[in-house]
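Biologist: Could you walk me through this structure, please? I am new to it and would love to begin with a single residue.

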Amino acid sequence: MKIQTGLKSWLVGCTMLVMTASGAFAEVVYNRGSSADPESLDPHKTSTTYEADLLRDIFMGLVVQDAKAELIPGAAESWTVSADGTVYTFKLRAGATWSNGDPVTAGDFVFAFQRLQDPATAAEYASMLYPVKNAEAINQGKAKPEEIGAKAIDDMTLEVTLNAPTPYFLEMLTHQATYPVHRATVEKFGNEWTKPGNIVSNGAYTLAEFVPNDHIKLVKNPKFYDAANVQIDTVNFIPNEDRSAAIKRYEAGELDTHDDMPTEQLADIKAKFGDQVHIGPYLGTYYYTFKTDKSPWDNVNIRRAVSMAIDREFIAEKVWGNSMIPSYSMVPPGITGYETSTFDYAEMSQIDREDAAKKLLTEAGYGPDKPLKMEIRYNTSENHKNTAVAIQEQLKPLGVEVTLLNTDTKTHYGHLEQKGDFDIARAGWIADYKDPETFLGISRKASANNYAQYVSAEFEGLMDKAAAAGGNSGERMKLLSQAEAVLMRDHGQIPLLYYSYHNLVSAKIKGFEDNVMNVHPTRFIRKE
Amino acid sequence: MLRYVLKRFLTAIPTLFLIVTISFFLMRVAPGGPFNQEKGLNPVIKANLERQFHLDEPLVMQYLYYLNDLLHGNLGPSYNLPEFTVNELFAKGLPISIQLGATALFLALVFGSLMGIAAALRQNKSADYAVIATATAGSTIPSFVIAPLIQLAFGLGLKWLPVGGWGDGAFINKVGPVLTLMLPQLAIVARLMRGSMIESLRSHHIRTVRALGLSDYAVIIRHALRGALLPIISYAGPAAAALITGSIIVETIFAIPGVGRYFVEAALNRDYTLVMGTVVVIAIFTILFNLIVDLLYAVVDPRVSYD
């Protein structure tokens, strides 16, 4: 009896203790599933969207994105642009500090911009600041880092000079490659500066732990200027390569959100999780590219015929389970102020398209006696294969003999980059910043990504004009739209699908706003 | 004995050198490189990256750099994870893979042997059939089926285990991966043990010791088991080398930060230094375990001697 009472009061005491602890000091932990680990946490060495998600929490650029991916002031409190659109003057946020207490100064940005362009850094995304004066020359080793068009007028004022008006410059500044780095830390630790314990950053969170392939733990930075409004205390980025296993971990409550799902099981997942499944258009295009400098693909009518005969609605629904959206333009919808230009048969029924395609092929001299032969090259992935197989079947009634060639990703892009021989190949493009330029630029003659070898004076002319009209946003968008119309008319690229994001978001998580950039800074997220 | 071990270590050096050389050049035959990706890099940027990793120099020079680093115990930087050296990646991942693999192998050897012995002693009886059935199932159901089933049953259904994750090495996080790694090994060991035990029990020397009137226990444990162990030892050596270097299937499904994934990912990413690192590590383990197997022969089988 006595023991029981003793035990009871002890238990009550414990329970009370736990309750007090959970009530007053409960740490809010957000377990954020990610489909891959970052390759690097050095803003100047990163390239993937997984890194972007992490670095957006750890660092803060001049301009940042809010929960809806709209631009808001970041490390810069305000800015002015010169009348000719080439000089940006940023007023830095007063009192903003690094996680070690040092003030964030204009000099930090100048140092970071120089380091990004320094050939010795070998930054994959150095091109994010190529619009800045001398940046590209520095990156090529033709100018010194000190010559970059960025200057600290005083500690709080940064002046950036561009080569030409670049209306998407502010959008580019949301990319992690443009974030500031803490000079003393970088110089002290060299390659080790991003290790937990060494790293000094200026974002809403600081890095606490990094175990590759296991987890990355970030904790709230009390020195962050807006720390009062940051509600998540700890965020764990948890990589899960196996998509099915990730869904099970989500279901078991081990993950609060996850950024991918096995799309072939989409119907089941939707039935099970209902509105926790967030799917929507994402700024990315899944396209095929013809080798346009090789016969018979140099004939625009043949490219057109093949494109017309591809039933995009079928592929989006049957192959991708509606996790992708049929596409008839290179630039996805969702960019404010821009009107996409589509193929002129976008509104035609598939049956009419096939008839027209047949006619085009007959006119070009192809028929039962002389079938058109085409090889599709694609990189390893179940869905890329199924897409290619579907196209193979869809082209059969037209008498086109399609063969498939699958190689691993490195071989695939290595072959395309070295301008190897092919008929038609798969490729994809995800926007780095919210502007049509990023999608249209890859079809320019000088682009390393112009696998099609598409060359058109008309297209180049319109792109140049658009660049020159940089200061006039409306005019520029119109010219870009005209350029896209030319690209679509010429079938310089064959867009098939727009990407979409597919997130699983627990009902406990608030503030995870859907947006075309699929950007979800943890500082705006709450957990209930 | 010591002389023999020394000799084996000395012969291992040219073996390793050959393996490293062949792998280094073979790897470069594969098309594409570490910096080919969906978003093609600007040629200037690609050149900067290649310069940083000496990839712009002649292949022979790169090979000499690599050999020099290797002699200093430096496996080089990872191309795709630039903040980690290959040494660091193995230092973090290998202990985890070794823990899981060694536990799985140990359990498989103990329980598999017991099952095999039990089956052999009751040959063609129901216990024997049960063992054979389990063993056949265990070795034919692939781990990419077993692992999700364990997650479903014990993680989501019964909630006894976490679905995935390493949990800083918590016991409960290891159960699923160890089970998945163990089951196929258990099946193989049980079958091997059953077969060799039956054979051993039929041999002349067992008939002799039985005739001498030794107890069943002494016959089985002291005499029959010794002979029966040889095939198990031969199997366990290479199996150990394979198990403790991790499994990509188990590691990706259970989200375990081991090194098994590097064997596949490094090759697909053309992460040349990481590929070479995996080659060196697995070669060393294979050589080491083969030596241990040969030494164990001498312990178990009195006919084998290295003096």
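Biologist: Is Phe113(A) buried or exposed?

Modeller: A word on the source: this is a predicted model, where local features need pLDDT of at least 70, side-chain atom pairs count only at pLDDT 80 or more, and totals for chains, interfaces and linings use all residues. Residues are numbered from 1 along each chain as its sequence is written, and chains are lettered from A and ligands numbered from 1 in the order in which they are written. A residue is buried if 20 or more other C-beta atoms, placed from the backbone, lie within 10 Å of its own, exposed if 12 or fewer, and partly exposed in between. Phe113(A) has 24 C-beta neighbours inside 10 Å, so Phe113(A) is buried.

Biologist: Which residues does Phe113(A) touch, leaving out those up to four places away in sequence?

Modeller: Contact here is a matter of C-beta atoms, placed from the backbone, lying within 7 Å. One partner, Val132(A), is 19 residues away in sequence, with 9.3 Å between the C-alpha atoms. The residues touched are Leu129(A), Val132(A), Ile148(A) and Ala150(A).

Biologist: Which strands does the helix holding Phe113(A) lie across?

Modeller: Phe113(A) sits in helix α3 of chain A. Helices (H or I, at least four residues) and strands (E, at least two) are DSSP runs, numbered from the N terminus. Angles run from 0 to 180 degrees between N-to-C directions, with axes fitted to C-alpha atoms, for helices over the stretch in contact. Helix α3 (residues 106-117) runs at about 170 degrees to β6(A), and the strands of chain A that it lies across are β5, β6 and β7.

Biologist: Which strands stand at the edges of the open sheet in chain A?

Modeller: Strands pair if DSSP finds at least two bridges between them. The open sheet has four strands in the order β4-β5-β7-β6 (chain A), with antiparallel pairing. Each edge strand has a single partner, so one side is left without a neighbour in the sheet; these strands are β4 (76-81) and β6 (150-154) of chain A.

Biologist: What is the bridge partner of Ser78(A) in β5(A)?

Modeller: β4(A) and β5 (residues 87-92) of chain A run antiparallel and are joined by five bridges. For Ser78(A), the bridge partner in β5(A) is Lys91(A).

Biologist: How many of the ten residues of helix α2 of chain A are buried?

Modeller: The buried residues of α2(A) include Leu54(A), Leu55(A) and Ile58(A). Their cover includes β1 (29-34), β8 (205-211), β9 (215-220) and β10 (234-239) of chain A. Helix α2 (residues 49-58) is largely enclosed by the rest of the structure, because the number of buried residues is nine.

Biologist: How far apart are the centres of the two domains of chain A?

Modeller: The bounds, from an automatic or database domain assignment, give domain 1 (30-226 + 506-527) and domain 2 (282-500). In their contact, 15 residues come from domain 1 of chain A and 13 residues from domain 2 of chain A. Taken over C-alpha atoms, the distance between the centres is 33 Å.

Biologist: Which element gives the most to the side of chain A that touches chain B?

Modeller: Here 40 residues of chain A are in contact with 41 residues of chain B. The elements that each supply at least two residues of that side of chain A are α7 (243-251), α13 (409-417) and β16 (424-430). With six residues, the element that gives the most is α13(A).

Conventions: Two residues are in contact if their C-beta atoms, placed from the backbone, lie within 7 Å.
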